[in-house]
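Please read the following report with the sequence and the model side by side, and look up each residue as it is named.

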Amino acid sequence: MQQKERANRAEGSIRRRSSVQKPVPDARDNNFNIIRLIASIFVFAGHMEMIRSGTPLLFSIHSLHEMGVWMLFLISGYLITKSWLSDPHPLRFAIRRFFRLWPPFAVMVLIMVFVTGPLLSDNGVQGYFQSSWWYLYLMNLRFYPVYAQPGVFTNMIEAYVTNGSLWTMPVETFAYVVTPILACVYGLGRKKRTAGALPASGASVAVVDASAQAGSAEPTEAWNGRKPVKSPESAELNRSNRSFHIAAFVTAAAIAFDLYLRVCKADAVVVFYGTELIPAYHLITMYIIGVFFTFEQAKKYLNIQVAFVGMCLLIVFESSGVFLQYFLLLMVLPYTVFSFAFAPNAAFSRFGRKIDLTYGIYLYGFFFQQLVVYWQNKHGVTYPYTKTLLLSAIPTLLAALLSFYLVEKPAQRLCRAILKRMREGEERRKAERRGR
């Protein structure tokens, strides 16, 4: 009898607490847009020196452009997984990813093949198209990396390479395919049990543990007159913890294998589908770490001050062995990126909401950097790094702006229209089934 009375009091406290409306945080109250831009600038600046002199700019011992690409894959792992969880429908997810990735990329490839390629070729326009392999660059449209064009950029340090940054495209596409699989393995996106899932008999009322009897804890069990039954809240907490532990294990395994490749297979070359698999795996590791930070249990340890100390340690140990260098990198870089992304009172939360040029910078930056250096080599002049960087940045930003307004935004409008039609069709079919 006393147990039932305590259960009734606990049930009343649940109703009182559930009636209090908690403020809902803005999902966009973060710094992801500015991080994406910073990462793009890292890539752009790092590529500039590689194209000019063949030597990379370094942050500590790591190439600046590599740091930028790693950052982009980190935040992609988080954001793409969140996109999947918001609507875990394979076809709709594929449509969203396709219209985000392919149309701007396809336009760039077509421009390279039919406009800039013929104009820049040492063979002339006619000689370019008379070549037996001018069309091979179109294989990029199916994310098979091809860099060479007939007679194009022949006087560069790395000759016969047009837009060498395209190698990440098949890696990113593969990451999109892996995302639903990882979510399934982790148990993300499963339907949560609600209070309605409990037995509806009059004897089923909520009870709490010893601390909850004092009114300070959430109920974890239900009383059915004979034995306690776990409440939906407790079951959901256990499910979440189990998913987090699985994700932590998979992430740790991915990091361990990444370290093995960096230490023991640094000079190995394995190519599949035109892509070097070991550098590709390094990016996938960053993506998997990004997926891991979709868990609230991982976010609660983020602290921008601790992240600053971690970055200092990364610099201090730059002369240590390869294993320690990359172990610190794989620990510190993701922690720093997400600590800054979710910093309280995000100062850059409104940045980039209306205009996002980062994809356009990625698509066209490497090419315009090559073009500026090609012109310098052709005319026997050499500009300093900063001047060359600025000369490359002007046409890159213009191309990114045109890509955003003429390609990316229309593609997203078309995507939303297709998804809307799909939802309307699904609702209509559901209504028809209910009518039967």
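In this predicted model, F257 is partly exposed, because its relative accessible area is 40%, where buried means under 20% relative accessible area, exposed means over 50% and partly exposed lies in between, with a 1.4 Å probe and protein chains only. Being a predicted model, it is described with local features that need pLDDT of at least 70 and side-chain atom pairs that count only at pLDDT 80 or more, while totals for chains, interfaces and linings use all residues. Residues are numbered from 1 along each chain as its sequence is written, and side-chain values use heavy atoms, with hydrogens and water left out.

**Aromatic rings**

A pair of aromatic rings is described by the distance of the centres and the angle of the planes. Here, rings of Phe, Tyr and Trp (its six-membered ring) pair if their centres lie within 6.5 Å, and planes under 30 degrees apart count as stacked, over 60 as edge-to-face and the rest as tilted. By this rule the model has 32 aromatic pairs. In one of them, the ring centres of F32 and F342 are 5.4 Å apart and the planes stand at 90 degrees, so this pair is edge-to-face. F32 belongs to helix α2 (residues 32-53) and F342 to the loop between α11 (322-341) and α12 (358-379), so the pair ties together parts that are 310 residues apart in sequence; helices (H or I, at least four residues) and strands (E, at least two) are DSSP runs, numbered from the N terminus. F32 counts as buried at 2% relative accessibility, whereas F342, at 27%, counts as partly exposed.

The rings of F257 and Y260 have their centres 5.9 Å apart and their planes at 25 degrees, so they form a stacked pair. Both residues lie in helix α7 (residues 232-264), 3 residues apart, which is about one turn of the helix. An α-helix has 3.6 residues a turn, so residues three or four places apart point the same way. Y260 is partly exposed, with a relative accessible area of 38%.

Which residues form one aromatic cluster with F32 and F342? The other members are Y78, Y186, F244, F292, F293, F295 and F338. One of these, Y186, is 8.3 Å from R242, C-alpha to C-alpha, although the two are 56 residues apart in sequence. R242 has its place in helix α7 and counts as partly exposed at 48% relative accessibility.

Two rings also have a charge placed over them, which here requires NZ of Lys or CZ of Arg to be within 6 Å of the ring centre and within 35 degrees of the ring normal.

| Charged residue | Ring | Distance from ring centre |
|---|---|---|
| R97 | Y176 | 5.4 Å |
| K387 | Y383 | 4.1 Å |

**Helices and their packing**

The expected span of a helix is 1.5 Å times one less than its number of residues. For the 23 residues of helix α3 (residues 64-86) this gives 33 Å, and its end C-alpha atoms are indeed 33 Å apart. Of these 23 residues, 17 are buried, so α3 is largely enclosed by the rest of the structure. In α2, with 22 residues, the expected span of 32 Å likewise agrees with the 32 Å between its end C-alpha atoms. Helix α8 (residues 277-292) is mostly covered, with 13 of its 16 residues buried.

How are α3 and helix α6 (residues 168-186) packed? Their axes are 10 Å apart and meet at an angle of about 40 degrees, where axes are lines fitted to C-alpha atoms, for helices over the stretch in contact, and angles run from 0 to 180 degrees between N-to-C directions. The two helices are therefore oblique to each other, since angles under 35 degrees count as roughly parallel, over 145 as roughly antiparallel, 65 to 115 as roughly perpendicular and the rest as oblique.

**Loops and backbone angles**

Most residues other than glycine have a negative phi, and most peptide bonds are trans. F143, which is not a glycine, nevertheless has a positive phi of about 60 degrees. F143 lies in the loop between α5 (124-130) and α6 and counts as buried at 14% relative accessibility. Y160 is found in the loop between α5 and α6, and has a positive phi near 55 degrees, but counts as partly exposed at 40% relative accessibility.
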